[in-house]
Amino acid sequence: MLTDTTTTPVYELTKSDKRFIGWHIFFAVTALTIGSLFGPLQALQLAGVDWYPNIDFLFIEINGVNSYYQGLTLHGVLNALIWTTFFITGFSTLAVIRGLKRPLAIPMINRVGFWMMVAGLVVAAIPLLGNQASVLYTFYPPMEADSLFYIGLVLVVVGSWIEGLGFYITLYRWRKENPDTRTPFITLAVVINMVMWQIATIGIAVEVLALILPLSFGWVGGIDPQLSRTFFWFTGHPLVYFWLLPAYASWYGMLPKQAGGKLFSDSLARLAFWLFLLLSVPLGFHHQFVDPGVPSGWKYIHSILTFAVGFPSLLTLFTVVASLEYAARKRGGKGLFGWVRALPWGNGSVTAQLLAGILFLFGGIGGIANASYSLNLVLHNTAWVPGHFHLTVASAVTLSFFGISYWLVPHLTGKPLWKPKLAVASSWIYFSGMLIFSNAMHTVGLLGAPRRTPLGLAPYVPAEWNGHLFRVAIGGAIMWIGLMVFVAVVAVTAFQRKRLPEGEVVDVPIAESIQDPQLTPVWLDRWKPWLIATAVLIILAYGPQLIDQVMGIESTSPGFVP
Amino acid sequence: MSSPETSEKIPLHVDPTERAWMRAAIAILVVFAISVTIAGFMLGIQLPTTEQRVNPQTLQDAPPWSEPGVREIVAGEQYDVYVVAKRFFYEPNVVEVPAGAEVNFYVTSTDVQHGFKIQDTNVNFMVIPGQVSTLTFTFDEPGSYDYICTEYCGLGHAVMFGSVTVTP
Ligand code: HEM
Ligand SMILES: [Cu+2]
């Protein structure tokens, strides 16, 4: 039962849709492979070991290689922005088609959106590889990258918006055809995520189009760095939910099926997603707790709202665990916690997602510390922060995407998963490395180690950090091995000659819900009230302060190359 | 399939254990929110807030920024410290204040964004051109405290630091 195959899939995607989704996954995994190359090098550099000269040949040298920061920029951009966005749009396309059991309404729109994203990636890659955009993935002004970097990012974001538009039209058509049916959960989940993303990215769009590009083109002589940060974090916080919600969609809507059970509560799964739409955006100031230009009252309000967004995550914890317990008991699991052993740990897709969930528990606890107004003062920009988000985006999200890939690639290619046992091992290796890495990063961060700093070169490193930095290097190296095993498994699966036996396919695992979705209240399937509430909350939580900052704009900072 | 009329009236069905969980979750989050409120308003834990705007290009043409450093306000009790962050050093890079005195730090940048974190203290904030960041701290123990740059500011970021010497 390592990959379930069937001869009677519930709904078959067309060959061209499968290929289209496959391209998303191809670019996503390629980006992850290149981006992650720098992970262990950074970890080693923190511990004082410089391995960058060994990979010099990979760079197009123009200005000489500024390896740590050029590498860190590639690491952040390729992993956090490209791997995620490409995987998510691909997975969402599948969830829309398969959930609604209907092809895309106007496939051309989605095709245009996707290839625009690819074009953006290529355009941004030119300065990134040429060391003309080593500004890190947050590109805080007035540090300046080559204009192509920003143009590339704009194309990626706009491309994703266009793919979203394709989803909306498809959902709209489906609704016309099925006026009384509840939107299938998996489709609703990914479309809510896309809407949230479109609202969220307005911030970064304004930052890049109205503030950065005019400076970059030389139309204006300066920029207001504080205002840019405010627009950046308008997008930056919900960005993490954009990464996370597709993983949640899989945990709620697919994992129960893979584990042999059902979704515990359809209504509450939907409620959680609506609450994420409502609460993801108006929290951005919690990334700016220690910014000078934001009044502390607003920081306090966003701190409180941050706790509110904890609610849908706690709801998710319950529903997902209850669904898994239901599955495990059906498989003969016993005991208060003993049922966990009855889950199908031999299935690489399930294991990856279970381990993702476990690491996310630790990440969630650390997140509460970050969100606390006062603790943040100690932790801001220390190694604690990357320690934290490697548990979230690099674990909860990335491991879940590993898990999804383990059925998705066979589904799309019609080929059997290569070495299913290695698939199981990949997640365990990555998981073990992550436990060491993140624990060490959190600890050394608490001791005061800054992030984004090659500590091997820093003159102020006290001896007490060294043991932890060594563990960062060890953990990082182990993570990288796990990640490479994942890449090998999906790459060989996709490119091998061997095919599944004639007529057999790997179906998309869609979980049924214990309760008939038609018994879910209508207000959990209506867009209008939720969209209005979302807009109102954003206006209240951001409006007045945003107006103040925009009115007080002082574009006095000229640009600097790093 | 239920008809639209009846489905309008479907109540939200919640399993009793889950209902209890939801209540507990809200309770926990409210407790967190209250503790943050107490920390912020009653224990006086301060965060940087809007202080003053400056022009990074003309900053050092006039006092106090033309001569950053320590200003004694009340001997042994109160000091103002002006620090300018630049790529890749702080001006000044050594600051001397006595233990037990209230020290107000004012920090800004003339080029890109930097950080300012004094090790082993609660002082840690962003330094943004155009804005003055400020926090107050009292050093109880004499000794030397490094202040380090915690935001990437360019090639030499890793060597950017200074230190506060706290005299007895
Ligand atoms: C092979 C496994 C990986 C290792 C060993 C690794 C290691 C590291 C280290 C040591 C840093 C800190 C650098 C610094 O602050 O100076 C870092 C930063 C970062 N990592 Fe990873 N990482 C890995 C995989 C990932 C993955 C899979 C993602 C995302 C999906 C990711 C996202 C990030 C981001 C967003 C940053 C912050 C970049 C910045 O500060 O600009 N990493 N990584
Ligand atoms: Cu600096």
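A residue counts as buried under 20% relative accessible area, as exposed over 50%, and as partly exposed in between. Keep that rule at hand for the exercises below, which all use a predicted model.

**Exercise 1. A bridge between chains**

Task: Find out which parts of the two chains A:Glu554 and B:Arg53 lie in, and classify the accessibility of each residue.

Solution:
- Step 1. Start with the contact: the side chains of A:Glu554 and B:Arg53 form a salt bridge, at 3.8 Å from N to O. The cut-off for such a pair is 4 Å.
- Step 2. Now place the partners. A:Glu554 belongs to the segment after H16 of chain A, while B:Arg53 sits in the loop between helix H2 (16-42) and strand E1 (69-74) of chain B, so the pair joins two chains.
- Step 3. Apply the opening rule. A:Glu554 has 29% relative accessibility and therefore counts as partly exposed. With 28%, B:Arg53 also counts as partly exposed.
- Step 4. For context on the partner chain, chain B holds 2 helices and 10 strands, and 49% of its 168 residues are buried.

**Exercise 2. Bridges within chain A**

Task: Work out how far apart in sequence the parts are that A:Asp17 and A:Arg111 tie together, then do likewise for A:Arg175 and A:Asp525.

Solution:
- Step 1. Recall the principle: side chains of opposite charge can pair when their charged atoms come close.
- Step 2. A:Asp17 and A:Arg111 form a salt bridge whose closest N and O atoms are 3.2 Å apart. A:Asp17 is in helix H1 of chain A and A:Arg111 in helix H3 of chain A, so this bridge ties together parts that are 94 residues apart in sequence. Both A:Asp17 and A:Arg111 are buried.
- Step 3. A:Arg175 and A:Asp525 meet in a salt bridge of 2.9 Å, N to O. Since A:Arg175 lies in helix H4 of chain A and A:Asp525 in the loop between H15 and helix H16 (528-551) of chain A, the pair ties together parts that are 350 residues apart in sequence.
- Step 4. Check the accessibility of this pair. A:Arg175, at 25%, counts as partly exposed, whereas A:Asp525 is buried with a relative accessible area of 9%.

**Exercise 3. Helix H4 from its cap onward**

Task: Compare the span of helix H4 of chain A with the expected span, and find the residue that caps its N-terminal end.

Solution:
- Step 1. H4 of chain A covers residues 147-177, which is 31 residues. From its first C-alpha to its last, H4 of chain A reaches 46 Å, close to the 45 Å expected at 1.5 Å a residue.
- Step 2. Look at the N-terminal end: A:Asp146 provides the cap, with a side-chain oxygen 2.9 Å from the backbone nitrogen of A:Leu148.
- Step 3. Step back into the loop between helix H3 (107-129) and H4 of chain A, where A:Ser134 lies. A:Ser134 is buried, with a relative accessible area of 2%, and its side chain makes a polar contact of 2.4 Å with the side chain of A:Asn131.
- Step 4. Finish inside the helix: A:Phe167 is located in helix H4 of chain A, and it is buried at 0% relative accessible area.

**Exercise 4. Around ligand 1**

Task: Name the residues that come nearest to ligand 1, and identify the helix that supplies the largest share of its shell.

Solution:
- Step 1. There are 26 residues around ligand 1, and A:Tyr68, A:His75, A:His390, A:Arg451 and A:Arg452 come nearest.
- Step 2. Inspect the polar pairs. A polar side-chain atom of A:Tyr68 is 2.4 Å from an oxygen atom of ligand 1, and one of A:Arg451 is 2.8 Å from an oxygen atom of the ligand. For A:Arg452, a polar backbone atom lies 2.6 Å from a ligand 1 oxygen.
- Step 3. Sort the shell by helix. H1, H2, H13, H14 and H15 of chain A each contribute at least two residues. The largest share, 6 residues, belongs to H2 of chain A.

**Exercise 5. A nonpolar surface patch**

Task: Identify the patch that includes A:Phe26, and classify the accessibility of A:Phe26.

Solution:
- Step 1. A:Phe26 lies in helix H1 (residues 15-46) of chain A.
- Step 2. Together with A:Trp23, A:Trp115 and A:Phe495, A:Phe26 forms a nonpolar patch on the surface, with about 450 Å² of accessible area together.
- Step 3. A:Phe26 has 37% relative accessibility and so counts as partly exposed.

Methods: Residues are numbered from 1 along each chain as its sequence is written. Chains are lettered from A and ligands numbered from 1 in the order in which they are written. This is a predicted model: local features need pLDDT of at least 70, side-chain atom pairs count only at pLDDT 80 or more; totals for chains, interfaces and linings use all residues. Side-chain values use heavy atoms; hydrogens and water are left out. Helices (H or I, at least four residues) and strands (E, at least two) are DSSP runs, numbered from the N terminus. The expected span of a helix is 1.5 Å times one less than its number of residues. A polar contact is a pair of N or O atoms within 3.5 Å; within protein, one must be able to donate a hydrogen and the other to accept it, and residues adjacent in sequence count only if both atoms are side-chain atoms. Patches are made of residues with over 30% relative accessible area and no salt bridge: like charges are joined within 9 Å, nonpolar side chains (Val, Leu, Ile, Met, Phe, Trp, Tyr) within 5 Å. Accessible areas come from the Shrake-Rupley method with a 1.4 Å probe; for residues, only the protein chains shown count as cover. Buried means under 20% relative accessible area, exposed over 50%, partly exposed in between (1.4 Å probe, protein chains only). A residue is near a molecule or strand if one of its heavy atoms lies within 4 Å of it.
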